[in-house]
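Open the structure in your viewer and keep the selection box handy. We will go from stop to stop, choosing residues and looking at what surrounds them.

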Amino acid sequence: MGWSSIFLQMNNKKILIVGTGEVGRRRAERFLKEGAEVILLGNKISNELKEKGAIFKLKKVTSKENLITLVNWADIVVIASDDTKLNSYVSSISGKKLVNRADFPEEGDLIVPTVFYIDDIQISIFTNGKSPLMARKLRKKITSSITNEDIRHIKLQDYARNILKKNISNQKDRKKILYEIVNDAKIKEFIHDNQLKEAKEYIDSLINKIK
């Protein structure tokens, strides 16, 4: 208990990943995609990761002093090697850094959950470490339940919100209008027919009447 989901801005964050196995590689790919700086410690990494910007340092030539320097450099420390002593040592010198421990998640203070995208929607699933297998099965269920019409609704809500922010200062008033738009019969018809241009023009006319 005690875990709570939160989204963290990863752009330009400094990530140290100890271990270049499957977990370390996945973490590196994910953080690089979000714009983080990544250093991996391990035996080898793929050319693909290097091309994406990952920096690689061989574990065997990394002294304890170098490890301390790298931990101090990092904003987040990911511990994912198969060397228990190394993992424990890195954890012990991480201090107040955010630490993700792949070997013993409960001993860290950061969980990296299963995450996937459906267009602009980012969805994370965390089973409190009880079943990664079920997290994958739930992902399939969620993916199949979100439709193209749901995505269009999101795009139109974003369009309407941006206009409303410029014209209506009261947040409660904006929220009321957004509810009306999402439930509007003509909007639903435009979305069903994939007529986003016409839907935006209709939203413009609705908001102009309110201003």
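Begin by selecting K13 and, setting aside neighbours within four places in sequence, show its contacts: A36, E37 and D75. Contact here means heavy atoms within 4.5 Å. Before going further, please note that this is a predicted model, in which local features need pLDDT of at least 70 and side-chain atom pairs count only at pLDDT 80 or more, while totals for chains, interfaces and linings use all residues. Residues are numbered from 1 along each chain as its sequence is written, and side-chain values use heavy atoms, with hydrogens and water left out.

**Around K13**

K13 sits in the segment before strand 1 (14–18). Strands (E, at least two residues) and helices (H or I, at least four) are DSSP runs, numbered from the N terminus. Is K13 buried or exposed? Its relative accessible area is 24%, so K13 is partly exposed; the scale calls a residue buried under 20%, exposed over 50% and partly exposed in between, using a 1.4 Å probe and protein chains only. For a long view, add D204: it is 191 residues from K13 in sequence, and their C-alpha atoms are 39 Å apart.

Now select N12, which lies in that segment before strand 1 too. N12 is exposed, at 51% relative accessible area. Check its backbone as well: phi is near 70°, a positive value in a residue other than glycine. Most residues other than glycine have a negative phi.

**Strand 4 and its partners**

Next, select residues 76–79, which are strand 4. Colour I76 and V78 on one side, then V77 and I79 on the other: all are buried, and both faces of the strand are covered.

Which strands pair with strand 4? Strand 1 pairs with strand 4 in the parallel sense over 4 bridges, and strand 5 does so in the parallel sense over 4 bridges too. Two strands count as paired if DSSP finds at least two bridges between them. To see the first pairing, show I17 opposite V78. For the other, show V77 with its bridge partner V99, and I79 opposite R101.

Add helix 4 (residues 84–92) to the view: strand 4, this helix and strand 5 make a right-handed β-α-β unit. Right-handed means that, with the strands pointing away from the viewer, the path from the first strand over the helix to the second runs clockwise.

Step back to A74, in the loop between helix 3 (64–73) and strand 4. A74 counts as buried because its relative accessibility is 0%. Beyond its neighbours within four places in sequence, A74 is in contact with K14, L16 and K97. Of these, L16 is 58 residues from A74 in sequence, yet 5.7 Å away in space, C-alpha to C-alpha.

**The hairpin**

Move on to strand 6 (114–118) and strand 7 (121–125). They pair in the antiparallel sense over 5 bridges and form a hairpin with 2 residues between them. T114 stands opposite I125. Turn strand 7 to see the side chains alternate: I121, I123 and I125 point to one face and are buried, while Q122 and S124 point to the other and are not.

Then zoom in on D119, in the loop between the two strands. Its phi is near 55°, again a positive value in a residue other than glycine. D119 is partly exposed, with a relative accessible area of 46%.

**The largest pocket**

Finish with the largest pocket, which has a volume of about 1,500 Å³. Of its 44 lining residues, select the closest to the centre: R30, I111, V112, P113 and T114. On a 1 Å grid over the protein atoms alone, a pocket is an open set of points with protein on both sides within 12 Å along at least five of seven lines, and lining residues have an atom within 4 Å of a point. Points are joined across faces, edges and corners, and the volume is the space filled by probe spheres (1.4 Å) set on them.

Which element supplies the largest share of the lining? Helix 1 does, with 7 residues. By type, the lining divides into 22 nonpolar, 12 polar and 10 charged residues.

How values were computed. Nonpolar A, V, L, I, M, F, W, Y, C, P; charged D, E, K, R; others polar.
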